[in-house]
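The following account leads the reader through one molecular model, from individual residues to the interior and the surface. The sequence and the coordinates are best kept in view throughout.

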Amino acid sequence: MPEYKHTPCVLCLIENPQTHQLLMVKNLRGMNKGFYNFAGGKLNWGEDIRTALVREVKEETNLTLMGAKLVGRIDIVPADVKKVRADTKDCQVYVFYSDRYKGELKAADSEVELYWFDKDKIPFENMRDNDRLWLPKVLNGEMVNMKFR
């Protein structure tokens with residue numbers, strides 16, 4: 001069995017400063033198909049987290065972040081490392097918040113759909129279970145450092 005590896009990832013809650021809505025991404029492919037989340041993804045080899053954040057947001061939304069604040073870290077570890085598939089890895093997700101960006105919003109071709117949601121209308125029922133635990137804390141202004149199995 002291949003060596004079990006850690007995957008660093010980034011995620012950004014982008015708030016429209018005029019409407020105070022959050023930009024959410026609905027995934028159209030991959031293991032998160034059909035689920036809502038926020039713009040982000042995996043770091044490339046040798047890439048730092050802020051560079052990855054700007055790149056991932058640009059790739060998924062066509063927006064260029066003008067600054068972002070780190071609001072948390074979430075570790076996601078499979079419950080039983082010995083039984084995971086060879087391509088399954090743990091993730092260390094660095095969560096950011098920004099209301100400063102430029103550019104014209106445009107979804108990445110065929111990968112995602114983009115939606116603005118009021119903070120009190122976040123589609124938790126169409127999100128991963130873990131998101132229902134950490135996101136309300138971040139929305140309340142808390143810094144999160146959580147681990148999920």
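**From a loop residue to the cores**

Lys106 counts as exposed, because its relative accessibility is 52% and the threshold for that class is over 50%. The model in which this residue is examined is a predicted one. Lys106 belongs to the loop between strand 8 (101-102) and strand 9. With neighbours within four places in sequence left aside, its contacts are Glu60, Thr61, Asn62 and Leu114. One of these partners, Asn62, is 44 residues away in sequence, yet the C-alpha atoms of Lys106 and Asn62 are 5.4 Å apart.

Asn62 itself is placed in the loop between helix 1 and strand 5. Its phi is near 70°, a positive value in a residue that is not glycine. Asn62 counts as partly exposed because its relative accessibility is 28%. A second non-glycine residue with positive phi is His20, for which the angle is about 65°. His20 is located in the loop between strand 1 and strand 2, and its relative accessible area of 46% makes it partly exposed.

Strand 5 contains Thr64, which is partly exposed with a relative accessible area of 23%. Outside its neighbours within four places in sequence, Thr64 is in contact with Lys58, Arg100, Tyr101 and Lys102. The C-alpha atoms of Thr64 and Lys102 are 5.3 Å apart, although 38 residues separate the two along the chain.

The overall arrangement may now be considered. The chain has two helices and 10 strands, and their order along the sequence is β-β-β-β-α-β-β-β-β-β-α-β. Of the contacts between residues at least 6 apart in sequence, 70% join residues at least 24 apart.

Helix 1 comprises residues 49-61, 13 in number, and spans 18 Å from its first C-alpha to its last, close to the 18 Å expected at 1.5 Å a residue. Within helix 1, the buried residues are Ala52, Leu53, Arg55, Glu56, Val57, Glu60 and Thr61. These buried residues pack against strand 1, strand 2, strand 4 (39-42), strand 5 (64-65), strand 7 and strand 9 (112-117).

Which residues touch the most other members of the largest nonpolar core? In this core of 20 residues, they are Leu13, Phe38 and Trp134. At least two residues of the core come from each of strand 1 (6-15), strand 2 (22-27), strand 6 (69-76), strand 7 (90-98), helix 2 (131-139) and strand 10 (144-148). Trp134 touches Leu11, Leu13, Phe38, Ile74, Val95, Val144, Met146 and Phe148, when residues up to four places away in sequence are not counted. Separate from this is a second core of 17 residues, among them Leu53, Leu65, Tyr94 and Val112. Leu53 is also one of the buried residues of helix 1.

Aromatic side chains add further detail. The model has four aromatic pairs, and one aromatic cluster is formed by Tyr36, Tyr115 and Phe117. Arg128 is positioned over the face of Phe35, 4.0 Å from the ring centre.

At the level of the whole chain, 40% of the 149 residues count as buried. The exposed area is about 8900 Å², of which carbon and sulfur atoms supply 50%.

How values were computed
Residues numbered from 1 in each chain as written. Predicted model: local features only at pLDDT ≥ 70, side-chain atom pairs only at ≥ 80, totals over all residues. Heavy atoms only, no water. Core = buried A, V, L, I, M, F, W, Y, C linked by side-chain atoms within 4.5 Å. Buried < 20%, exposed > 50% of the residue type's maximum accessible area, 1.4 Å probe, protein only. Helix = DSSP H or I, 4+ residues; strand = E, 2+ residues; numbered from the N terminus. Contact = heavy atoms within 4.5 Å. Areas by Shrake-Rupley, 256 points an atom, 1.4 Å probe, with all protein chains shown as cover. Phe/Tyr/Trp six-rings, centres within 6.5 Å; stacked < 30°, edge-to-face > 60°. Lys NZ or Arg CZ within 6 Å of the ring centre and 35° of its normal. Expected span 1.5 Å × (residues − 1).
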